[in-house]
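Thanks, everyone. I'll take a few spots in this protein one by one. Please keep the view on screen as I talk.

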Amino acid sequence: MGITQRARGVLRRRDPEQTIVPGSRNVVFGPSLPDESTVHLVLDLGLRIGEVQMASGAGASDVTATIIGVVSAYGLPHCEVDVIYTSITVSCYRGTEQPPITSLRVVRNRSIDYTRLADVEKLLRRITGGEISANDAYAELDRITTATHPFPRWVATLAWAGMAASLAVLLGGATDPFLPLVAAGTTALIDRVGRLLNRRALPFFFQQAVGGAVATSLALGAFTVGILHNPSLAIAASIIVLLSGMTVVGSMQDAITGYNVTAAGRMAELAMMTAGLIAGVVLALYVGLRIGGDTVAGLDPQSLGRAQVVATTLQLPVQILAGASTSACFALASYAPPRPLLIAGIGGGVAAGVHATLINPDLLDVNPVLAGAVATMVVGLVGGIVARHFEIPALVVAVSAVSPLLPGLATYRGLFELSVLSSPTGVATLMLAVATGLALGAGVVLGEYLAQPVRSRLGRLERRISGPRLSGPLRPSRRRLD
């Protein structure tokens, strides 16, 4: 459709009997809109749907496309959407004689509930398909957002503990029977303490610091009494749990799709949460060094293993099962429905298996950063196709599948080298962890980008793609999103 035809469809003359007189304004241009109360209702509906997506970690491009699809479905053909990390603004153009109607909503709550996100995705498909009125859609959205979590909070605590135990096995602790137990117990305690601190409205920076300190202190204590032979794996597992769910995927999606302000906000939050975690771990290591003396100082960072998962061919099935369990537990802790939970587990197993195969020195011996990017790209590609086929949010599969590969062990090694050994090599190790995290997010986004033409009737590879989509309908509106 050309520019002239689009202009005729959006900017229609309201009074065809009037003629244009040079130097006068006797013709009114603008879209034909419903009444003003309906406009306000539709704008608020779109904003609230976008808020649910933002709180779940969706990218700004997904939120923009979804809101445009909602307002277009209810007769608002020309609205502009501005998404930043903390707020969403929608402005409805009403012609040359009336001012636009602008609505803004601040995104305050960022607790992840994938059941809520999945229900909103189903509602979106009904809206864009013309199957539900604006009033009914608003009532349905209100029911979704006010509903309680699908299962008790203690189930999520057990899921976080199961995730930590799976990560301990994935990081090389299959031969130590106490390592998964210590990692699970530590993570369960961190979750309950964090929930208590969250009720007291303690900033998340300090919550992360407390979590890092608790994980490190308990692991060092278990090492001192002889329960653990390698406390670094228990600490790394807890660190990965604390890092999981952060906006690594969303940050890379926003940066790649051009939403730089939102990407900077996500990166800043990620940096602050990681800084709090670093502060807690370093404090616990320092105190442990002072109290434990040579016992703790005797930990050799060179014996902590590589910064990534190391697996031989015989261990590959164990790595796949541990990766699948890690992703499934993360999805369960995020209140995912049964079908997304199963697919997320499969995605985690695929990611862990591909990554372990690539870095295996007896097979391909690929650089760990590149291996992480390739593994998540495969998950983004296959998971995107499968997720859309089963009509579940691709974001659930993407974020869950990344969790087994988060660089928790590299983060711990860097912190240990810097704080305990005062070695400058810790900076290089931390930079490896940062590069790995960015590669994981970029791989998911690239895989989702490649999956779009496959989902669109398998052959239209030449069509222009507006950008990778991890949430919301693939084609929410006929309007181009440029």
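T436 is buried, with a relative accessible area of 2%. This is a predicted model, so that value is computed from predicted coordinates, and buried here means under 20%. Where does T436 sit? T436 is found in helix 18, which covers residues 425–455. Its side chain has a polar atom 2.8 Å from the backbone oxygen of L432. Both of these residues are four places apart or fewer, which brings in a general point about helices. An α-helix has 3.6 residues a turn, so residues three or four places apart point the same way. T436 also comes up against a distant stretch of chain. The C-alpha atoms of T436 and P368 are separated by 7.7 Å, with their positions 68 residues apart along the chain.Next, helix 16, residues 394–402. How many of its residues are buried? The count is 9 of the 9, so helix 16 is largely enclosed by the rest of the structure. Among them are L395, V396, V397 and V399. S400 is on that buried list too.

Now the sheet. It is open, has 3 strands in the order 3-4-5, and pairs antiparallel. Strand 3 (79–84) and strand 5 (101–106) are the edges, each pairing on one side only. From one strand to the next, the twist averages 10 degrees. Strands of a sheet pair through backbone hydrogen bonds, either parallel or antiparallel. Here, strand 3 and strand 4 (residues 87–92) run antiparallel and are joined by 6 bridges. One example: D82 has T89 in strand 4 as its bridge partner.

What packs on this sheet? Helix 2, residues 36–55, touches strand 3, strand 4 and strand 5. The direction of helix 2 makes about 30 degrees with that of strand 5. Helix 3, residues 60–73, lies across strand 3 and strand 4. It runs at about 155 degrees to strand 3.

Stay with strand 4 for one residue. S87 lies in that strand. Is S87 buried or exposed? Its relative accessibility is 11%, so S87 counts as buried. Leaving out residues up to four places away in sequence, S87 touches D82, R105, V106 and V107.

On to the rings. The structure holds 3 aromatic pairs. I'll show two. The rings of F151 and Y335 have centres 5.1 Å apart and planes at 35 degrees, so this pair is tilted. F151 is in the loop between helix 5 (134–146) and helix 6 (153–173), and Y335 is in the loop between helix 13 (316–333) and helix 14 (338–359), so the pair ties together parts that are 184 residues apart in sequence. Y335 is buried, at a relative accessible area of 5%.

The other pair is W160 with F330. Their ring centres are 5.9 Å apart and their planes are at 65 degrees, so this one is edge-to-face. W160 is in helix 6 and F330 is in helix 13, 170 residues apart, so to speak of linked distant parts of the chain is fair. Both W160 and F330 are buried.

Last stop, a charge and a ring. The charged end of R48 sits over the ring of Y138, 5.1 Å from the ring centre. Over to you for questions.

Technical notes: Residues are numbered from 1 along each chain as its sequence is written. This is a predicted model: local features need pLDDT of at least 70, side-chain atom pairs count only at pLDDT 80 or more; totals for chains, interfaces and linings use all residues. Side-chain values use heavy atoms; hydrogens and water are left out. Two strands pair if DSSP finds at least two bridges between them. Helices (H or I, at least four residues) and strands (E, at least two) are DSSP runs, numbered from the N terminus. Axes are lines fitted to C-alpha atoms, for helices over the stretch in contact, and angles run from 0 to 180 degrees between N-to-C directions. Contact means heavy atoms within 4.5 Å. Buried means under 20% relative accessible area, exposed over 50%, partly exposed in between (1.4 Å probe, protein chains only). A polar contact is a pair of N or O atoms within 3.5 Å; within protein, one must be able to donate a hydrogen and the other to accept it, and residues adjacent in sequence count only if both atoms are side-chain atoms. Rings of Phe, Tyr and Trp (its six-membered ring) pair if their centres lie within 6.5 Å; planes under 30 degrees apart count as stacked, over 60 as edge-to-face and the rest as tilted. A charge sits over a ring if NZ of Lys or CZ of Arg is within 6 Å of the ring centre and within 35 degrees of the ring normal.
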